[in-house]
Amino acid sequence: MKHRFNRRQFAFGVAATGAVLATSGSAGRVRAATPPIKIGSLLPRSGFEALIGQGCQRSVEIAKKLLPDLGYSFEVIDADTESKPEVARTQAEKLIRDGANILVGAFDSGQTFAIAQVAEQNGVPFVINIGSDPAITEQGYKYVFRNFPTSVMLGSNGLSRFNDLFKASGTTPKTAVLMHVNDTFGQSMLKGINALMPKLNLPFQIVETIAYDPQAKDLSIEVAKAKAAKADIQMVVTRLNDAILMTREMVKQKYEPMAIISPGSPGMYQTQYLKVLGKYAEYAITNVPWLDPKQPFAHTFEAAFKKTYPEEICDIDAGFTFEGILICADAYKRAGSTRPEALVEALKATNIKDRVMLGGAISFNEKGQNVNLPSACVQNRNGKPTVVLPAENAELKPVFPVPGWSQRT
Amino acid sequence: MLYLNIIVAGLLTGAVYGLMALGLSVIFGVIRVVNFAHGEMMVVGMYAAYLVATKTGLDPVAALPLVAGGLFVLGYALQRGLINRYVARPEHEQFLLLLAIATVITASLLMGFGPDARNVQLDYAYDSYQFGPLLLDKVRVLAALGAVVGVAALWAFFRLTRTGKAIRACADNQFGAEVVGLDVKRLYAVTFGIGAACVGAAGCLMLLLIDVQPYIATDYTLLAFIIVILGGLGSMPGALLGGLLVGVSEALSGFVIEPSLKSAFSFALLILVLLVRPQGLLGRA
């Protein structure tokens with residue numbers, strides 16, 4: 001039997017379809033408007049790490065602007081750890097009392113440890129943006145996830161890039177001086193370097209190891225000692241201010257090794273280093289995880305970052321802090337619930353392919369550690385840290401040995 | 001020759017340390033108040049020199065009289081308006097007051113300038129003088145010369161001027177000074193002003209050597225204490241000697257033993273001096 005629509009039936013049908021579509025549309029909006037997850041962000045925004053904490057905070061602000069447009073629903077409650085583990089602990093407890101469903105932070109291993117304990121005791125998931133002490137993910141914690149390399153990974157990945165650099169440049173140094181900051185990070189890096197050097201078949205020998213105070217205001221003696229060793233390269237594990245002091249002293253004392261290379265520490269790629277030292281900051285090399293120049297999402301993030309903070313460098317701290325918020329928001333999106341158990345299950349199943357940092361998809365092993373975090377060889381070029389290795393991700397070719405201080409313009 | 005380089009570098013840095021500690025010694029020697037905001041005042045001097053340099057292009061060394069003058073006024077006002085009320089009070093109350101002032105200064109600097117390390121870009125920042133194998137950092141030489149001139153000027157002020165002599169009279173015998181009609185409160189304020197000016201001048205010179213951040217103050221307060229206790233609390237030549245000793249001992253221990261033990265060596269020296277000569281090397285028993 002043939003059924004033919006008359007005009008009235010057709011009009012009714014159109015209206016009914018429209019109503020259904022409208023309803024589904026409003027349902028969609030209702031889904032988008034479900035209460036956002038509360039992410040408690042803990043960063044050292046004051047105290048001796050304030051400079052870096054404030055830098056990380058910039059990425060949190062970018063995440064607040066950028067991620068909602070990509071369908072992530074969240075709000076961030078900001079907290080300041082004041083660069084102190086005991087404050088980090090109390091702030092984490094306060095955030096949980098204030099309703100934070102998930103925590104993210106905290107740049108420093110000591111503070112991160114304190115927060116991890118609070119998170120575990122309270123059964124609240126905690127995503128580590130930056131914090132490299134291997135012990136954090138060796139405690140058997142169920143609620144702690146880290147998207148940052150351990151100091152062992154940093155050292156190993158960073159050191160393995162040395163051979164790539166020597167191969168790419170065709171120059172092989174024979175000796176090195178190791179200057180390192182004498183704090184928890186510096187000591188763990190030192191242990192890692194000493195343990196890995198023989199295994200990685202590096203062609204040079206460390207002829208002098210110089211440890212210095214992390215609060216040092218003058219490194220003239222340390223640099224004089226390094227110069228006296230007459231080594232081919234200056235290997236360094238620094239923070240920011242000491243990296244500036246060290247380079248400045250090297251220029252003054254006319255100490256010109258083949259290059260200054262860090263196997264994976266902050267300092268030489270940071271805005272302040274480049275701004276303060278100008279031409280003398282050029283060619284410094286740091287082997288660290290970095291934003292992947294070949295990832296479209298990295299370009300989106302960097303463009304948003306540069307638009308808001310044109311004077312700042314979008315660096316490793318910025319990238320990992322942004323990814324920290326992304327991981328939290330992504331877990332909630334997939335879990336569809338703020339229940340800690342649901343969030344933990346979602347975090348375990350994390351598989352974020354569109355990321356900003358170099359490496360494969362973001363995922364976590366059974367210990368909550370992301371192991372897809374290779375280091376790039378990042379060299380300061382034309383006032384900007386630039387990926388020069390691995391070749392497939394590089395923007396420029398590496399320069400090694402680097403020009404002497406007086407040859408720079 | 002390497003050792004000579006190290007010792008000379010230590011002496012040059014020590015001279016600036018000496019000037020910085022001099023302010024603390026002057027204030028304690030006369031008013032008998034321990035200035036726990038000393039490092040913070042130096043940092044104020046550094047920021048003042050930074051501001052002058054960035055706004056007017058004036059070199060921190062050239063800005064020294066201006067900054068020292070500004071710090072003098074600040075110190076004078078602080079003593080006249082606040083600290084003077086605490087001079088006769090118990091020491092722990094003085095301690096709390098000055099600690100509060102230190103906290104207010106650091107917090108204000110953080111609010112005003114943020115946590116970023118700041119420095120002044122100088123044309124000669126990377127220059128050095130070469131005398132055969134002896135390599136002298138130009139900035140350090142300038143800073144040390146400035147410190148020596150500052151110490152000499154202060155010495156001349158206390159020895160040759162009426163106000164300087166009056167201040168010394170106050171330091172020797174406050175009651176006697178009041179009896180002969182000296183305005184002790186004003187002289188105390190002048191003394192605190194001079195102490196602040198000293199530390200302001202040291203701030204200008206330190207800006208040549210290090211970057212300024214609000215949080216570096218505590219380290220320098222502690223360093224100033226080590227120096228003045230080494231040299232003798234209240235002794236001006238002692239402060240300079242203490243500064244030079246700390247500078248050289250830091251340099252030598254850093255080079256010969258272990259750089260990260262530099263500060264520990266300064267403290268060891270302090271303990272040694274306290275054991276052998278509790279009043280300090282040039283202090284009065």
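**Exercise 1. In this predicted model, decide whether H38(B) counts as buried or exposed.**

Solution.
Step 1. Count the neighbours: H38(B) has 30 C-beta neighbours inside 10 Å.
Step 2. Compare with the cut-off: a residue is buried if 20 or more other C-beta atoms lie within 10 Å of its own.
Step 3. Conclude: H38(B) is buried because it has 30 such neighbours.
Step 4. Place the residue: H38(B) belongs to helix α2 of chain B, residues 38-56.
Step 5. Find its partners: beyond the neighbours within four places in sequence, H38(B) is in contact with G23(B), L24(B), V199(B), T221(B) and A224(B).
Step 6. Check a distance: L222(B) is 184 residues away from H38(B) along the chain, yet their C-alpha atoms are separated by 9.1 Å.
Step 7. Look at the confidence: chain B has a mean pLDDT of 88, and 99% of its residues reach 70 or more. For the model, ipTM is 0.73 and pTM is 0.75.

**Exercise 2. Describe the side of chain B that touches chain A: which elements give two or more residues to it, and how do its residues divide by class?**

Solution.
Step 1. Count both sides: 26 residues of chain A and 28 residues of chain B take part in the contact.
Step 2. List the elements of chain B that give two or more residues: α1 (2-31), β2 (134-137), α10 (236-256) and α11 (262-276).
Step 3. Pick out the largest share: α1(B) gives five residues.
Step 4. Sort by class: on the side of chain B there are 15 nonpolar, seven polar and six charged residues.

**Exercise 3. Work out how α7(A) and α10(B) pack: at what angle, and how far apart are their axes?**

Solution.
Step 1. Read the geometry: α7(A), residues 220-228, packs against α10(B) at an angle of about 35 degrees, and the axes are 9 Å apart.
Step 2. Give the handedness: the crossing of α7(A) past α10(B) is right-handed.
Step 3. Name the residues that meet: α7(A) brings I221(A), E222(A), A224(A) and K225(A), while α10(B) brings A251(B), G254(B) and F255(B).
Step 4. Sort them: four are nonpolar, one is polar and two are charged.

**Exercise 4. Explain why β1(A) is largely enclosed by the rest of the structure, and find its place in the sheet.**

Solution.
Step 1. Check burial: seven of the seven residues of β1(A), residues 37-43, are buried, so the strand is largely enclosed by the rest of the structure.
Step 2. Recall a rule: in a regular strand the side chains alternate between the two faces of the sheet.
Step 3. Split the strand by direction: I37(A), I39(A), S41(A) and L43(A) point one way, K38(A), G40(A) and L42(A) point the other way, and all are buried.
Step 4. Follow the pairing: β1(A) runs parallel to β2(A), residues 74-80, and seven bridges join them. One facing pair is S41(A) and D78(A).
Step 5. Set out the sheet: five strands of chain A form an open sheet with parallel pairing, in the order β2-β1-β3-β4-β5.
Step 6. Find the edges: β2 and β5 (144-146) of chain A each have a single partner strand, so one side of each lacks a neighbour in the sheet.
Step 7. Add the turn: neighbouring strands of this sheet are turned by 25 degrees against each other on average, direction ignored.
Step 8. Look at another pair: three bridges link β4(A), residues 126-128, to β5(A) in the parallel sense, and V127(A) has F145(A) as its bridge partner.

**Exercise 5. Set out the strand order of the seven-stranded sheet of chain A, and state which strands α5(A) touches.**

Solution.
Step 1. Write the order: the open sheet runs β7-β6-β8-β9-β10-β11-β12, and its pairing is mixed.
Step 2. Find the edges: β7 (205-212) and β12 (384-389) of chain A have a single partner strand each, so one side of each has no neighbour in the sheet.
Step 3. Examine one pair: β10(A), residues 285-288, and β11(A), residues 376-381, run antiparallel and are joined by four bridges. T286(A) has V378(A) in β11(A) as its bridge partner.
Step 4. Add the first helix: α5(A), residues 151-169, packs on the sheet, touches β10, β11 and β12 of chain A, and makes about 75 degrees with the direction of β12(A).
Step 5. Add the second helix: α7(A) packs on the sheet as well, touching β6 (175-181), β7 and β8 (233-237) of chain A, and makes about 170 degrees with the direction of β7(A).

Terms used. Residues are numbered from 1 along each chain as its sequence is written. Chains are lettered from A and ligands numbered from 1 in the order in which they are written. This is a predicted model: local features need pLDDT of at least 70, side-chain atom pairs count only at pLDDT 80 or more; totals for chains, interfaces and linings use all residues. Two residues are in contact if their C-beta atoms, placed from the backbone, lie within 7 Å. Ala, Val, Leu, Ile, Met, Phe, Trp, Tyr, Cys and Pro count as nonpolar, Asp, Glu, Lys and Arg as charged, and the others, Gly among them, as polar. Axes are lines fitted to C-alpha atoms, for helices over the stretch in contact, and angles run from 0 to 180 degrees between N-to-C directions. A crossing is left-handed if the near helix is turned anticlockwise from the far one by less than a right angle, and right-handed if clockwise. A residue is buried if 20 or more other C-beta atoms lie within 10 Å of its own, exposed if 12 or fewer, and partly exposed in between; C-beta atoms are placed from the backbone. pLDDT is the predictor's confidence in each residue, from 0 to 100. Two strands pair if DSSP finds at least two bridges between them.
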